[in-house]
Amino acid sequence: MPSREPDDDAEPPAERDGGTEGAPPRHRWRGPIGTWPAVALTVAVLVAANWLLHRWSGPAELVTAVAVSAVLLGVLRRAGGTLADAGLAPGTLGRGARWALALIGLVGLVYLAGALLPGTRELFEDRRYAGLDGGEVALRVFVYVPVGTVLLEETAFRGVLYGLVARVRGPVGATAVSSLLFGLWHVLPSLHLSTAKPALTTVLGDSAAGAAVAIGGAVLFTAAAGVLFCELRRRSGSLLAPMGLHWAVNALGYAVGFLLR
């Protein structure tokens, strides 16, 4: 017998169907596994993926990102979810793409202004760019960021986790759970942040306490960014909108930081 959640008989709001208007309501949401077990399984997969990605690089990183994304979509499916629950309903992709392009353009303008102003230019400095050449930066911008970072993180946090939790706790609960976990996801990548960014090193120093402050700040910042990404997902009804913003912030940051070395 497929498992059922207590709220399965309740009619889901339209937003939970990916924000598409005119979509037929789904009064039941069944699957071989329940919603909260699916959330727990998703978190377990992400913990393992985070540990692996912190140690792997190169093609192994890309393969892991694609494989984990597929596994998580499979978990959503086994819990009775659909492409709409992941923000990937075909009817919303056009609107999501328009949102994504507009957001990419906006980030590009903000970064251009920041790079041109002397007071903000130093914020783009990052010692991790020192050994990169143009080809390596292009590879990161067009391959590693969209596949290794954006695909996995958006599928996991604004797609699967958001879609699962929204079914039983609505968009507010989904945003809270997704964003908190998104912040914690960035603990390992932030371990050396205080020494990689000269602007942070100047303020925090090169100490364990400074590193802890930098990690805490990164978790809070990325959790707040997760709230914004979830809201973009909700308003656009498509995962493409937060994907576009996520790519622009990371990839254009690499490009500008490299050019300002």
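**Exercise 1.** Leaving aside its neighbours within four places in sequence, with which residues is A115 in contact? Describe also where A115 sits in the chain and whether A115 is buried or exposed.

*Solution.* The structure is a predicted model, and the steps below should be read with that in mind. Start by locating the residue: A115 belongs to helix α3, which covers residues 93–116. Next, list its partners beyond the neighbours within four places in sequence, which are R121, F124, V256 and L260. Then turn to the surface: the relative accessible area of A115 is 12%, and because buried means under 20% relative accessible area, A115 counts as buried. Finally, consider distance along the sequence and distance in space together: A115 and G257 are separated by 142 residues in sequence, yet from C-alpha to C-alpha they are 8.7 Å apart.

**Exercise 2.** Work out where S236 lies, whether S236 is buried or exposed, and what surrounds S236.

*Solution.* First, find S236 in helix α8, which spans residues 208–236. Second, check its accessibility: with a relative accessible area of 0%, S236 is buried. Third, look for partners other than the neighbours within four places in sequence, and you will find that S236 is in contact with R95, W99 and A241. Fourth, examine the side chain of S236, one polar atom of which lies 3.1 Å from the backbone oxygen of S238.

**Exercise 3.** Describe how helix α5 and helix α9 pack, giving the angle, the distance between their axes and the handedness of the crossing.

*Solution.* Begin with the two elements themselves, helix α5 at residues 134–185 and helix α9 at residues 240–259. They pack at an angle of about 145°, and their axes are 8 Å apart. For the handedness, note that α5 passes α9 in a right-handed crossing. The residues of this contact can then be sorted by character, which gives 15 nonpolar, five polar and four charged.

**Exercise 4.** How many helices and strands does the chain have, and what percentage of its residues is buried?

*Solution.* Counting the elements gives nine helices and zero strands, and reading along the sequence gives the pattern α-α-α-α-α-α-α-α-α. Of the 261 residues in the chain, 47% are buried. To see how the chain meets itself, take the contacts between residues at least 6 apart in sequence: 80% of these join residues at least 24 apart. As a last step, turn to the surface, where the chain exposes about 12,800 Å², with carbon and sulfur atoms supplying 69% of that area.

Terms used:
Residues are numbered from 1 along each chain as its sequence is written. This is a predicted model: local features need pLDDT of at least 70, side-chain atom pairs count only at pLDDT 80 or more; totals for chains, interfaces and linings use all residues. Side-chain values use heavy atoms; hydrogens and water are left out. Axes are lines fitted to C-alpha atoms, for helices over the stretch in contact, and angles run from 0 to 180 degrees between N-to-C directions. Helices (H or I, at least four residues) and strands (E, at least two) are DSSP runs, numbered from the N terminus. A crossing is left-handed if the near helix is turned anticlockwise from the far one by less than a right angle, and right-handed if clockwise. Ala, Val, Leu, Ile, Met, Phe, Trp, Tyr, Cys and Pro count as nonpolar, Asp, Glu, Lys and Arg as charged, and the others, Gly among them, as polar. Buried means under 20% relative accessible area, exposed over 50%, partly exposed in between (1.4 Å probe, protein chains only). Contact means heavy atoms within 4.5 Å. Accessible areas come from the Shrake-Rupley method with a 1.4 Å probe; for residues, only the protein chains shown count as cover. A polar contact is a pair of N or O atoms within 3.5 Å; within protein, one must be able to donate a hydrogen and the other to accept it, and residues adjacent in sequence count only if both atoms are side-chain atoms.
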